[in-house]
Structures are given as structure tokens and as C-alpha cells.
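The exercises below concern the structure that follows. Please work through each task before turning to its solution.

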Amino acid sequence: MRLIWASILISALLATGCADRTAGVPQATTASEQPAEVSTRPPGESGAVRAVSPFGSRQVVEPSRNEYTIPRGTVFRVRLTRAVDTAASRAGDHFTATLDNPVLDGTRVVVPRGTLFNGHLTSAKSSGRLRGRAVLGLTLDSLELAGVTYPVVTSAVSRTSGDHKRRNVGLIGGGSGLGAVLGAIAGGPQGALIGAGAGAAAGTAGAAITGKKNLRLPAEALLAFSLEKPLVI
């Protein structure tokens, strides 16, 4: 009997010691008890973390340049900003003008009314004193739109004065008739002939002195130029 109780006591002491030795050992946890790892990767992606656009998932698309081609043959109707004439101007001199009618693409205004054009004189010639005509030639070189200068190639516009024939006939013929009358009064038929010749000479001299003609285009004069090469705006 004592032997049985001694065996029970020893077993109890051994069990108590084992419990004390395992009390400080951390207990293993199962996979289901471990905290889940927080992932910052988007679903379906692996590897390096993708850079995030400050605009989110939207794509930023730069607007394309909205160009328009003005076709050959388009007419620019412009008004001169100042007068030009053959008395003060020379070939090669520059002038400016403003667009009188806008250039349209359907209902969209491509080149607005009032757009500034630059041009030059292709010719500026006064008439002779007894013959010839005064001539002015003009063409456009460029237009200025939204701070940009666009070169243009246009037709030339030419203006020509009238001729001298009618005016010369009046001056010379009138002088001849007046001289004949005065000569007849002074010396009969012979005096009339002399007077006619003298009057004709005087009329010719008067025509030569006053016959030189100039051609003038005033400010706001309306001119039309045709585009000879397409223009991209």
C-alpha cells in the first residue's frame, strides 16, 4: 500500500515540473490564426509597384492643332489703311490693308474681318506729259493672325489712269482756234494762219506743262486679291 502511494506522489511531482518548464515557451499558432498580409498591389499584378498618375485612371490627351487650309483662288477683299499714289510712292514700297470680309469654313470664322495684311507696290509710274498712262501695281505678302505672321502669295492688282488724247486735243485745238481768231483780227487771212500756228504751239506747250498725270488710291480704297497658293492656318 505504501508503495502505491509513493508511486502516485512521484508521478504527481513529475507532472508539476514539466508544466513549469513549458509555461514560458510561446505556443505555436496555426495558419488560420496568423494575421493576413495587407497588399497594396492592384489585383492581377505582380512585381514592382506601379506608379499612380495624379489624374487617376484618366488619360491626359493634348489637343491636336486645328489647322485649316485656305484653298487657292480664295479672294481677299481688303481696304488700304493709307493712300498710295504715283507721285510719292515707288515700286517696292510697302503698304498695309485690313480684311473687309471674313474667310469662313462653313459657319466657322477662319480669318476674321479686320485682319491686318502687308503688301508692296509692284509698280508706281506716273504718266508722261503728252502721252502714256500712270500705273499702280499692288500685291499682298502676308497676314497677321493671333500673333503669327503667315506668308501669302496672291495675284497683283493694277490700276491705270486715263490717256492724254482727249485732253491734248482740247488744249492744242483750243489754242489753235483762239490764235486764228486773234490773228485774223490783227492781220486778215495771213494773220489768221500765223495766229493759228502760234496758238497751236502755245496749246502744245500748255499741255506739256500741265499734262503729267498721277494716279492715287485713297485710304479705305477696296481692292481684291486672289490667293495663288493654298494657305495653311
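**Exercise 1. Establish how much of the protein is buried and how far the model can be trusted.**

Of the 233 residues of the protein, 26% count as buried, where buried means under 20% relative accessible area, exposed over 50% and partly exposed in between, with a 1.4 Å probe and protein chains only. This is a predicted model, in which local features need pLDDT of at least 70 and side-chain atom pairs count only at pLDDT 80 or more, while totals for chains, interfaces and linings use all residues. Residues are numbered from 1 along each chain as its sequence is written, and side-chain values use heavy atoms, with hydrogens and water left out. The mean pLDDT (the predictor's confidence in each residue, from 0 to 100) is 72, and 49% of the residues reach 70 or more. Over residues 44–53 the pLDDT stays under 50, and the model has four contacts for them beyond four places in sequence, a contact being heavy atoms within 4.5 Å. Residues 191–196 are also below 50 in pLDDT, with twelve contacts beyond near neighbours in sequence.

**Exercise 2. Describe the largest nonpolar core and identify the elements that build it.**

Begin with the term: a nonpolar core is a set of buried Ala, Val, Leu, Ile, Met, Phe, Trp, Tyr and Cys residues joined through side-chain atoms within 4.5 Å. The largest one has 32 residues, and Ile70, Val78 and Leu138 have the most contacts inside it. Among the elements that give two or more residues to this core are β2 (75–80), β8 (135–145) and β12 (222–226), with the largest share, five residues, coming from β8. Strands here are DSSP runs (E, at least two residues), as are helices (H or I, at least four), numbered from the N terminus.

**Exercise 3. Follow β2 to its partner β12.**

β2 and β12 pair in the antiparallel sense over five bridges, where pairing requires that DSSP finds at least two bridges between two strands. Within this pair, valine 75 stands opposite serine 226 in β12. Valine 78 has contacts, leaving aside neighbours within four places in sequence, that include Leu222, Leu223 and Phe225. On β12 itself, Leu223 and Phe225 form the covered face, whereas Leu222, Ala224 and Ser226 form the uncovered one. In a regular strand the side chains alternate between the two faces of the sheet.

**Exercise 4. Is serine 161 buried or exposed, and what does its side chain reach?**

Serine 161 lies in the loop between β10 (157–160) and α2 (165–210). Its relative accessible area is 9%, so serine 161 is buried. The side chain of serine 161 reaches the backbone nitrogen of alanine 134 at 2.8 Å. Beyond neighbours within four places in sequence, serine 161 is in contact with Arg133, Ala134 and Leu215.

Note on methods. A polar contact is a pair of N or O atoms within 3.5 Å; within protein, one must be able to donate a hydrogen and the other to accept it, and residues adjacent in sequence count only if both atoms are side-chain atoms.
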